[in-house]
Amino acid sequence: MNKQLQETIEYTQEKLGLEQYDLKQHQFYQETNHFNETIYILSMEWLPNTVQNAENVISAGAAVVDLNFHTKEFTQITFVQGVSYAAPDKYPLPDTESAIEWIEEQTGLTFGRQFLLIDEDDGVLRFGAAVDNIPVSPVGTIEIAFNAAKQLTDFRIDGDFPDESRIQWEPFALTPEKFEPCAGKQCVLMEIPDESEKKWKAYYGIEEIFIRNDGKTTIPFVRDANSSIVFDMVLEWDEALDEAFVSQETDFSTEATVEMAIANKPHPDAQPISEEEQKACAMETLHFLQKVYPDDSGQWKLTKLSREKGYLFAELRPTEPTGYVFERKVRVIIDPDRLAPVNYIDNKEMLQMFNDFQEADLVTVGQEDAFKKLQEHLEIDPVYVYDDASGSYVLCGKLDCAYAVDAVTGETILLGTL
C-alpha cells in the first residue's frame with residue numbers, strides 16, 4: 001500500500017478512536033468545489049472486529065468515513081444503524097455547546113464567525129455557513145446526530161465555508177428606496193398548472209435574486225457551474241441529416257485512483273472551455289438536432305455549454321418560451337475528448353402530464369399594478385454571496401416574496417397554497 005495512503009488510514013483510526021475496527025475497503029473520489037478547486041475524497045468502510053459480519057453486508061456498528069485526502073478534514077462519519085464501538089473520548093457529548101466545540105476542533109471553523117446553528121431537534125443539530133452570523137451563498141451545511149446512548153452516530157459537512165481572506169466586509173445598507181427598483185424588474189408573469197382544475201393559471205410573482213448592497217447590481221439566485229459559457233444562439237438548417245443518432249452509455253462515476261489523488265490531478269470539470277471547444281460543440285449540437293429533431297429548424301436555441309460529471313453539456317431551450325413555470329429543455333451530453341454527442345436528456349415525457357390542461361385565461365392585470373400589490377410583502381435578508389468575478393464574498397440582500405398576484409382576478413395569494 002502507498003505510504004501516504006497508509007499514513008492517512010492510520011491517522012483516521014487514531015483520530016476517530018477506531019481501535020476496535022478493521023478497514024474493510026477504501027475508494028478515492030474526485031470532486032470540485034465552488035472555487036473550482038479539485039478535491040480528492042478518501043472514502044473508507046470500517047467494520048467492528050468484535051462482531052461477525054456476513055459477506056458483502058454492512059452490519060450495525062460499521063463506520064463509513066470520508067475525508068479530504070490532502071487536508072485531512074473529515075466530511076462524513078457515519079455509524080451504521082446508529083451503533084458505535086468507537087472510543088467515546090474522541091467525540092462530543094450530546095449537547096449543543098460540546099458539539100460546537102468538537103466541530104470547531106475538527107474543522108478549524110469558528111462558531112458565529114463562520115457557521116451558525118440552524119435547527120436542533122431530537123438529537124440532531126444542523127448548522128449553516130455564515131459570516132458573522134449572516135448566512136452565505138452557496139450554502140455550506142453541517143449536521144451532527146446522537147443515538148439514545150448519547151453517542152455520536154453521524155457527522156456530515158458539505159459545501160463551502162468562507163475564510164476572512166475572501167470576505168468584503170461592510171454594514172448592511174439596503175433600504176426599500178435602494179432595492180425596490182431592482183425588485184420591480186423581478187416581478188414576472190408565469191403560468192402555473194392547477195391540478196384540481198386541469199388548467200394553467202397566470203400569476204405575477206417575484207423571482208428570487210441577490211441585490212448587492214449598493215442596490216445597483218444583482219447576482220443570480222441560481223448560478224451555473226464553474227466552467228460554463230452562456231449562449232443565445234438560434235440553431236437553423238436547410239435540410240435534415242439522413243442519419244440516425246445512436247445513444248451511447250455514459251459514465252458519471254467520480255471514482256479516482258490513488259495515483260491521481262497523490263498527484264492531485266485537476267478534475268476535468270475545472271478546466272475552462274476553449275473557443276475551439278465552444279465552436280465544435282455548437283456545430284455538433286446543430287447536427288444532433290438535424291438527426292433527432294429534423295423538423296425543428298429555428299425552434300431551438302443553444303443557451304449554455306458547461307462541464308459537468310466529466311462531460312460537456314449543451315443546453316437547448318425553445319426559441320419562443322411559453323411562459324409556463326415548467327419549460328421544455330433538452331441537454332445534449334458531449335464526449336469532451338472526441339467532441340461528439342453521446343446521449344441526451346429531454347424533459348418532454350415529464351411535461352406530457354400537462355398535455356390535457358386548458359390554457360390560462362386572458363391576463364387583465366398589468367405588471368406595474370401587480371408589483372404594487374406585492375411591495376408590502378417583499379422580504380430582503382442579508383446574505384454574503386460569493387462573487388465569481390472578484391473571487392470574494394460580497395454583502396447582498398436576498399429578495400424574496402411569499403405571495404403572488406392572480407393575473408386575471410388581481411387577488412393576492414400565498415404561494416404556498418398554489
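Is Met-350 buried, partly exposed or exposed? With a relative accessibility of 43%, Met-350 counts as partly exposed. This briefing concerns a predicted model of a chain of 418 residues, of which 45% are buried. The chain contains seven helices and 23 strands, and its structure holds 23 salt bridges.

**Overall architecture**

- The C-alpha trace spans about 70 × 60 × 45 Å along the principal axes of the chain.
- The chain exposes about 22,000 Å² of surface, and carbon and sulfur atoms supply 47% of that area.
- Of the contacts between residues at least 6 apart in sequence, 60% join residues that are at least 24 apart.

**A nonpolar surface patch**

- Met-350 belongs to helix H6, which covers residues 348-351.
- Together with Val-325, Phe-326 and Met-353, Met-350 forms a nonpolar patch on the surface.
- The accessible area of these four residues together is about 370 Å².

**Nonpolar cores**

- In soluble globular proteins, nonpolar side chains tend to be buried together.
- In this model the largest nonpolar core comprises 47 residues, and Ile-142 and Ile-144 have the most contacts inside it.
- A second core, separate from that one, has 21 residues, including Ala-282, Leu-312, Leu-316 and Val-330.
- Beyond its neighbours within four places in sequence, Ile-142 is in contact with Ile-103, Leu-109, Phe-115, Leu-125, Arg-126, Phe-127, Phe-155, Arg-156, Ile-157 and Phe-161.

**The salt bridge between Arg-126 and Glu-143**

- Side chains of opposite charge can pair when their charged atoms come close.
- Arg-126 and Glu-143 form a salt bridge in which the closest N and O atoms are 3.4 Å apart.
- This pair links distant parts of the chain, with Arg-126 in strand E6 (residues 124-131) and Glu-143 in strand E8 (residues 140-146), 17 residues apart.
- Arg-126 is partly exposed at 31% relative accessibility, and Glu-143 is likewise partly exposed at 28%.
- Arg-126 also appears among the contacts of Ile-142.

**The salt bridge between Lys-291 and Glu-243**

- Lys-291 pairs with Glu-243 in a salt bridge whose closest N and O atoms are 3.5 Å apart.
- Because Lys-291 is in helix H5 (residues 275-292) and Glu-243 is in the loop between strand E14 (228-235) and strand E15 (255-256), the pair ties together parts that are 48 residues apart in sequence.
- Both ends of this bridge are partly exposed: Lys-291 has a relative accessibility of 25%, and Glu-243 has one of 46%.

**A buried salt bridge and its network**

- A salt bridge joins the side chains of Arg-331 and Glu-315, with an N to O distance of 3.8 Å.
- Arg-331 lies in strand E18 and Glu-315 in strand E17 (residues 311-318), so this bridge ties together parts that are 16 residues apart in sequence.
- Arg-331 and Glu-315 are both buried.
- The two residues also belong to one network, in which salt bridges that share partners join Lys-304, Glu-308, Glu-315, Arg-317 and Arg-331.

**Val-332 in strand E18**

- Val-332 is located in strand E18, which covers residues 330-335.
- The relative accessibility of Val-332 is 0%, so this residue counts as buried.
- Apart from its neighbours within four places in sequence, Val-332 is in contact with Thr-285, Phe-288, Leu-312, Phe-313, Ala-314, Leu-316, Pro-341, Asn-343 and Tyr-344.
- Two of these contact partners, Leu-312 and Leu-316, are included in the second nonpolar core.
- Val-332 and Ser-390 are separated by 58 residues in sequence and by 31 Å in space, C-alpha to C-alpha.

**Thr-78 in strand E4**

- Strand E4, covering residues 74-79, contains Thr-78.
- Thr-78 has a relative accessible area of 14% and is therefore buried, the cut-off for buried residues being under 20%.
- The side chains of Thr-78 and Gln-76 are joined by a polar contact of 2.9 Å.
- With neighbours within four places in sequence left aside, Thr-78 is in contact with Ala-62, Ala-63, Val-64, Thr-153, Asp-154 and Arg-156.
- Arg-156 is also listed among the contacts of Ile-142.

Notes. Residues numbered from 1 in each chain as written. Predicted model: local features only at pLDDT ≥ 70, side-chain atom pairs only at ≥ 80, totals over all residues. Heavy atoms only, no water. Helix = DSSP H or I, 4+ residues; strand = E, 2+ residues; numbered from the N terminus. Buried < 20%, exposed > 50% of the residue type's maximum accessible area, 1.4 Å probe, protein only. Polar contact = N/O pair within 3.5 Å; in protein donor to acceptor, adjacent residues only side chain to side chain. Contact = heavy atoms within 4.5 Å. Patch = residues over 30% accessible without salt bridge, like charges linked within 9 Å, V, L, I, M, F, W, Y side chains within 5 Å. Areas by Shrake-Rupley, 256 points an atom, 1.4 Å probe, with all protein chains shown as cover. Core = buried A, V, L, I, M, F, W, Y, C linked by side-chain atoms within 4.5 Å.
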